[in-house]
Amino acid sequence: MTAIISVSKLSKTYASGFRALKSIDLEIRQGEIFALLGPNGAGKTTLINIICGIVNPSSGSITVDGKDIVADFRAVRSMIGLVPQELATDMFETVWATVNFSRGLFGKRRDPAYIEKVLKELTLWEKKDSKILTLSGGMKRRLLIAKALAHEPRILFLDEPTAGVDVELRREMWNIVRTMRESGVTIILTTHYIEEAEEMADRIGVIAKGEIILVEEKAELMRKLGKKQLVLQLQAPLSEIPPALEPYGLQLGADGNELIYTYDTHAERTGITALLNDMRSAGLSFKDLNTSQSSLEDIFVDLVRQAR
């Protein structure tokens, strides 16, 4: 798939001496949903702001659809829509006026039909004449997206798009994002909600301490790094794991009433059969068992921990 954004050897050091980004190499594919995950202070927002032309890089280069973001700033910026975390606009302005103004900022001709289409798709049409200060939190989130879409960008950055909204609205926002992707818009999102990335993203990037530590197809990431756990509920509690079972790396849980075995589903052998045989030989019996698959959140936490 063609890369629409190419980042090469990108670094950013602030005047204070803090190095926010360290030689970032990254490609975003046209038409994908790319989720950028990382803890607070990892460099997510700095990277987005540099690509969007808000912050200057210290070194490195970025092209968007083959155009350099410095040499062809106006052309590049017109291709990008940015949905920030906070709404910064005149609260006494109407929905229609502020979205229409956002379109004009990028030199686009007036197009009331297109603005109407955007507002209807985002369930804002009935509020078009309402002042922004009267909108609910969810409506303000939609307004941020409408402003970002007003100039018909091909790329949309979503910086924590569902922070602080309820679960129902979050799922509505996910549907909106999917619809935009289906229309051909490339979407890059940062999020603290791991389930958001797990639900929506085609690819996952993890950034920590200003460095990209992993970029992977979501399904492949889950396959390679996701593990399963077998939980055995014991007939009688244990105070410690018998020496004969130590090679399995077991954990005791539920006050000694459970044995937890973590294994790789894609290994040639899971070791479950051998474990059960050795448990029997050690005189241990269980009354029930269940398995669980590690989530993207588990994988993310492990990756960030390893990067420290």
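The largest cavity in this predicted model has a volume of about 60 Å³. It is one of 2 cavities of 30 Å³ or more that the structure holds. The lining of the largest cavity is formed by Leu26, Ile28, Leu36, Leu47, Ile48, Ile51, Phe157 and Ile188. Two elements, β2 (19-29) and α1 (44-51), each contribute at least two residues to this lining. Helix α1 gives the largest share, with 3 residues. Sorted by class, the residues around the largest cavity comprise 8 nonpolar, no polar and no charged residues.

The second largest cavity encloses about 40 Å³ of space. Its lining consists of Ile145, Leu158, Pro161, Thr162, Met173, Trp174, Val177, Leu189, Glu196 and Met200. Among the secondary-structure elements, α6 (167-182) and α7 (194-200) are those that give two or more residues to the lining of the second largest cavity. The largest share, 3 residues, is supplied by α6. In terms of class, the lining of the second largest cavity divides into 8 nonpolar residues, 1 polar residue and 1 charged residue. Glu196 is the charged member of this lining, because Glu counts as charged. Thr162 is the polar member, because Thr falls outside the nonpolar and charged classes.

Open space was examined alongside the enclosed cavities. The largest pocket has a volume of about 310 Å³. Its lining comprises 16 residues, and those nearest the centre of the pocket are Leu82, Ser102, Leu105, Phe106 and Lys147. Helices α3 (95-105) and α5 (137-149) each provide at least two residues of the pocket lining. The largest share of that lining comes from α3, which contributes 4 residues. By class, the pocket lining holds 9 nonpolar, 4 polar and 3 charged residues.

With respect to composition, the three linings can be set side by side. No polar and no charged residues occur around the largest cavity, whereas 1 polar and 1 charged residue occur around the second largest cavity, and 4 polar and 3 charged residues occur around the largest pocket. With respect to the elements involved, the largest share of each lining comes from a helix: α1 for the largest cavity, α6 for the second largest cavity and α3 for the largest pocket.

Terms used
Residues numbered from 1 in each chain as written. Predicted model: local features only at pLDDT ≥ 70, side-chain atom pairs only at ≥ 80, totals over all residues. Heavy atoms only, no water. 1 Å grid on protein atoms, 1.4 Å probe; cavity = no way out; pocket = protein on both sides within 12 Å on 5 of 7 lines; lining within 4 Å. Points joined across faces, edges and corners; volume = space filled by probe spheres on them.
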